[in-house]
Amino acid sequence: MVDLETLVSLCKRRGFVFSGSEIYGGLGGFWDYGPLGVELKNNIKRAWWLAMVQARDDVVGLDAAVLMNASVWRASGHAETFNDLMVECLENHHRFRADMLDGASACPECGSSLSAPRPFNTMFKTHVGALEDESARVWLRPETAQGIFVNFQNVQQAMRKKIPFGIAQIGKAFRNEVQTGNFIFRDREFEQMEMEFFVKPGTEDGWHDYWRDQRLAWWQSTFQIGAGRIRIKQIRREATTIIGPDPDDVRPEKPPHYSKGNYDLEYKFPMGWNEIEGIASRTDYDLSSHQRVSGKELAYFDEETQEKYLPYVVEPAMGVERAVLVALFEAYQEEKVRNEKRVVLKFPPALAPLKAAVLPLLRNRPELVAMAKGLAQTLRPHLMTVYDDTAGIGRLYRRQDEIGTLWCVTVDVQSLDDRQVTIRERDTMEQVRVPLAEVKDRLLERLR
Ligand code: ATP
């Protein structure tokens, strides 16, 4: 597997990911996604939405506000308990997350003594309106889930949904992480894709296993993850166990404050096994807290059985940025082609930021250029397509391989006579000659 530094450099050079506020020296934990990064992210989000909402009869979507009434976070427990234990180096005053030092008592940077651990709330604070006092205080959401819980009744009633059903959401979340790092793995601003699945109490364990299996299968098929690089970490109050490879390589954890147990999906990054998705069994923790604090009844009435109850919740929650990393690590390959190194991102077709590149073999022939530009324009409404004539054809192919473009379509002198062009396939580098008029349908057919 490629090392992180190589990937970071490719991401910057080719327009996937830039440091946030770079010309001012950056801002730790914030990243900007360039023209290719935004396409990759959108494709990942689309794949998730397709699997979690569009393809299902029992899940609907939502887009809730980032800022919410402060009572939401008091009720949810985040104001009290969304803390990391932090230690500070007494010498250089750098701060670290205590649980990431694996029990070490000296500063990992300079070896000096560390302070005693103390809790640090990782929610960002701000104010709403002109007053900056305590009454105007709000928090940036550290998870999208609460927007779903407080809208449970709105959605259930508006859509006439019967339990079991789910509400899915994609949106930004913010955490003032004590320690960021590993490129985009741990950020202070990131995007979550979360789905709260509301079930009848007593049925949650079956649904928890169901969603574990669904989500694992989604990761495997969407990113075509190689064998041995994804596993399940089961986190219960009593014990942490691994289902899958490297069972002895495990950092024990306790379930989060809202969860009776978690299945975390972990991916084998070059820096070790790390969480990419958490599937939590949240019981009625959130709905009962909101019911208590808001004074509004949130129970569900089952018409068939005439029972009234607060639903239990199973929640698959993942971060888009970690999925971007997985997509890049899985796609990156170096090959030897005619004694030259070829770097190619072999993204699965649905994830590839660009589907087609149209390249004229000669850029000083106006008819050729016009034909190539015309073809690119024909493809654009259907497929992400670029036109490029800024180098020789060998260089142009290498550039497209390095960003994972599925097909290069080349227009040459002969095309002017026979109105045929060459399609080159990214992975096999095979070339076929096809009529210009058929390019769009052929590519769409292959993409399907
Ligand atoms: P970690 O243990 O790595 O801090 P977490 O257990 O706090 O993560 P959850 O609260 O379960 O994470 O959030 C669900 C998902 O959101 C995670 O699996 C991850 O993909 C993503 N996520 C959480 N925090 C961050 C972050 N700081 N940067 C990027 N993604 C994040």
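A residue counts as buried when its relative accessible area is under 20%. By that yardstick Phe183 of this predicted model is buried, because its relative accessibility is just 7%. Phe183 sits in the loop between S9 and S10, and its backbone is a bit unusual on paper: phi is positive, at about 60°, although the residue is not a glycine. Gln224 makes a companion case, with a positive phi of about 50° and, again, no glycine to account for it. That residue belongs to the loop between helix H7 (204–223) and strand S11 (230–235). One more backbone detail goes with these two. The peptide bond joining Ile163 and Pro164 is cis, with omega at about 5°, and Pro164 falls in the loop that links helix H6 (152–159) to strand S9 (165–174).

Zooming out, the domain assignment splits the chain into domain 1 (4–70 + 140–329) and domain 2 (354–447). Their C-alpha centres are 38 Å apart. Where the two meet, 7 residues of domain 1 and 6 residues of domain 2 take part in the contact.

The largest nonpolar core holds 81 residues, and the members touching the most others are Phe16, Trp219, Phe223 and Phe347. Helix H9 (residues 320–331) makes the largest contribution, with 9 residues. Where does this core lie with respect to domain 1 and domain 2? It lies between them, because both domain 1 (4–70 + 140–329) and domain 2 (354–447) give residues to it. Phe223 gives a local view of the packing: setting aside neighbours within four places in sequence, its contacts are Ile44, Trp218, Ala323, Val326, Ala327, Glu330, Pro348 and Leu351. There is also a second, separate core, this one of 18 residues, with Leu62, Ile163, Ile167 and Val313 among them. Ile163, then, is a member of the second core as well as one partner in the cis peptide bond.

Turning to the ligand, 16 residues surround it, and those coming nearest are Glu177, Arg186, Asp187, Glu275 and Gly319. Strands do a good deal of the lining: S10 (189–199), S14 (272–283) and S17 (312–319) each supply at least two residues of the shell. Which of the elements gives the largest share of the shell? That is S14, with 4 residues. Oxygen atoms of the ligand are approached from side chains and backbone alike. A polar side-chain atom of Arg175 comes to 3.0 Å from a ligand oxygen, and one of Gln192 lies at 3.4 Å from a ligand oxygen. For Ile276, the atom in question is a backbone N or O, 3.1 Å from an oxygen of the ligand. Taken alone, the ligand would expose 600 Å², and the protein buries 87% of that.

Some individual strand residues round out the picture. Arg95 is in strand S5 (residues 95–97) and counts as partly exposed, because its relative accessibility is 40%. Beyond four places in sequence, Arg95 is in contact with Met86, Val87, Glu88, Arg118, Val178 and Gln179. With Glu88, the side chains are joined by a polar contact of 3.2 Å. Arg95 and Ser115 are 20 residues apart in sequence, and their C-alpha atoms are 9.5 Å apart in space.

Ser115 also serves as a reference point for Ile242: here the separation is 127 residues along the chain and 33 Å between C-alpha atoms. Ile242 is part of strand S12 (residues 240–243) and is classed as buried, because its relative accessibility is 13%. Leaving out residues up to four places away, Ile242 touches Arg231, Ile232, Lys233, Pro247, Val250 and Glu266.

Finally, Asn121 of strand S6 (residues 118–121) uses its side chain to reach backbone atoms in two places. A polar atom of the Asn121 side chain lies 3.2 Å from the backbone oxygen of Ala79, while the backbone nitrogen of Met123 is reached at 2.9 Å. Not counting neighbours within four places in sequence, Asn121 is in contact with His78, Ala79, Phe82 and Asn83.

Key. Residues numbered from 1 in each chain as written. Predicted model: local features only at pLDDT ≥ 70, side-chain atom pairs only at ≥ 80, totals over all residues. Heavy atoms only, no water. Core = buried A, V, L, I, M, F, W, Y, C linked by side-chain atoms within 4.5 Å. Buried < 20%, exposed > 50% of the residue type's maximum accessible area, 1.4 Å probe, protein only. Domains from an automatic or database assignment. Contact = heavy atoms within 4.5 Å. Near = heavy atom within 4 Å. Polar contact = N/O pair within 3.5 Å; in protein donor to acceptor, adjacent residues only side chain to side chain. Areas by Shrake-Rupley, 256 points an atom, 1.4 Å probe, with all protein chains shown as cover.
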